[in-house]
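Me: I'd like to go through the labels used for this model and see what stands behind each one. Could you take them with me one at a time?

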Amino acid sequence: MNTAFIAVLLMSATGILLVLCLALLRPLTTKKLTATWHYRMYILVVLFLLVPVGIVGGNLFSNIPGTTNQGLPNVPVILNDMITVQQTDILPPQTGQALPQTDPSALTPAAPVTTAFILKTVLSFLPLIWLVGVFVFIILYGIQFVRFRRKIMRTSLQIDDRGTLLALKNLMTEMGIKGKLRLLSNNIIKTPMLAGLFKTFLILPEVEMSERELKVILKHELTHFKRRDLWVKSLTLIANAIHWFNPAAYRLTKNIDTFCELSCDEQVVSDMNREERQFYGETILNVLCRVVNQHSGMYATLAESKKELKEG
């Protein structure tokens, strides 16, 4: 566990540096580069938080003098060496020399041993604390996810309208999307969303939409589906669980959600003229006006806020 913990610490430190660099450069990059570029850069950071490159660093770290084979600082060994050096200064003299009178209490290095023991105990518990935090994060999010999914599935109805199904089929063919999508409607959610990794559902709110508005909404969600954004968000949550102690991991999750939506909008309107782009933006904003609850995590929805859409 110690080697894994050292690897996590090294990956977490790398993640902090990358998130900080992107944050510092963001005022410049948002003006010069696209939302898709930002989205891909943050996905790269997620990979750095997931790929155990820290194992190599841990092996290098273990070669530094004063470390154990597990990569943790060998505090007791260092202190014992110090104690040995101190004791050599008070070794009995050679034969024929008088033995100096020494207070026996002075030979007992109580304070250094106590400090070393406390430090060793604290260090030995850190990997366990990290592992408990990972399980707590997974359990808390898992409970929230299961409850929401059950509620959505229990209150959703399958859409059998031929016009809606035909529009979905035509768009999937037009966008070159293969696979199956189950189309549902729900009166609880107020914004369209995708749910499910292996068996994906496209859930629409039970609101009145024109044929043109429906096509815009479906194209947005199908773009998420084609890019496998649900998988990206799932991997981001795994990285967040592993690095639950790192504030940068939570900032990364927020940035992934933001630029995922903005880059999706960017891709959808890439082949639209000015009038079509204006209609797309108005449609998204009109849907967002009906939103009463925002859901994140393993759900890909429309842009998070009007402000973000206007910035994109």
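Me: What makes the lining of the largest pocket divide into six nonpolar, three polar and seven charged residues?
Reply: Happy to start there. The split follows residue type: Ala, Val, Leu, Ile, Met, Phe, Trp, Tyr, Cys and Pro count as nonpolar, Asp, Glu, Lys and Arg as charged, and the others, Gly among them, as polar. On that basis the lining has six nonpolar, three polar and seven charged residues. This is a predicted model, in which local features need pLDDT of at least 70, side-chain atom pairs count only at pLDDT 80 or more, and totals for chains, interfaces and linings use all residues. Residues are numbered from 1 along each chain as its sequence is written, and side-chain values use heavy atoms, with hydrogens and water left out.

Me: Which residues of that lining lie nearest the centre of the largest pocket?
Reply: Of the 16 lining residues, Leu171, Glu211, Arg212, Lys215 and Val216 lie nearest the centre. Two or more lining residues come from each of helix 6 (162–174), helix 7 (211–227) and helix 10 (274–288). The pocket holds about 390 Å³ of space.

Me: Why is helix 6 called oblique to helix 7?
Reply: Their axes cross at roughly 45° and come within 10 Å. Angles under 35 degrees count as roughly parallel, over 145 as roughly antiparallel, 65 to 115 as roughly perpendicular and the rest as oblique. Helix 6 is therefore oblique to helix 7, and the crossing is right-handed.

Me: How do you know which residues of helix 6 and helix 7 meet?
Reply: Contact means heavy atoms within 4.5 Å. Thr164, Ala167, Leu168, Leu171 and Met172 of helix 6 meet Leu214, Lys215, Leu218, Lys219 and Leu222 of helix 7. By class, that contact has seven nonpolar, one polar and two charged residues.

Me: Why are helix 2 and helix 8 oblique to each other?
Reply: The axes of helix 2 (residues 35–50) and helix 8 (residues 229–242) cross at roughly 45° and come within 9 Å. Helix 2 and helix 8 are therefore oblique to each other. Their crossing is left-handed. Among the residues in contact are Tyr39 and Ile43 of helix 2, and Val232 and Leu235 of helix 8. The contact has 10 nonpolar, one polar and one charged residues.

Me: And what makes helix 1 oblique to helix 9?
Reply: Helix 1 (residues 2–32) and helix 9 (residues 247–268) pack at an angle of about 50°, their axes 10 Å apart. Helix 1 is therefore oblique to helix 9. Ile16, Val19 and Arg26 of helix 1 make the contact with Ala248, Arg251, Leu252, Asn255 and Phe259 of helix 9. Those residues are five nonpolar, one polar and two charged.

Key. Axes are lines fitted to C-alpha atoms, for helices over the stretch in contact, and angles run from 0 to 180 degrees between N-to-C directions. Helices (H or I, at least four residues) and strands (E, at least two) are DSSP runs, numbered from the N terminus. On a 1 Å grid over the protein atoms alone, a cavity is a set of points where a 1.4 Å probe fits but cannot get out, and a pocket is an open set with protein on both sides within 12 Å along at least five of seven lines; lining residues have an atom within 4 Å of a point. Grid points are joined across faces, edges and corners, and a volume is the space filled by probe spheres set on the points. A crossing is left-handed if the near helix is turned anticlockwise from the far one by less than a right angle, and right-handed if clockwise.
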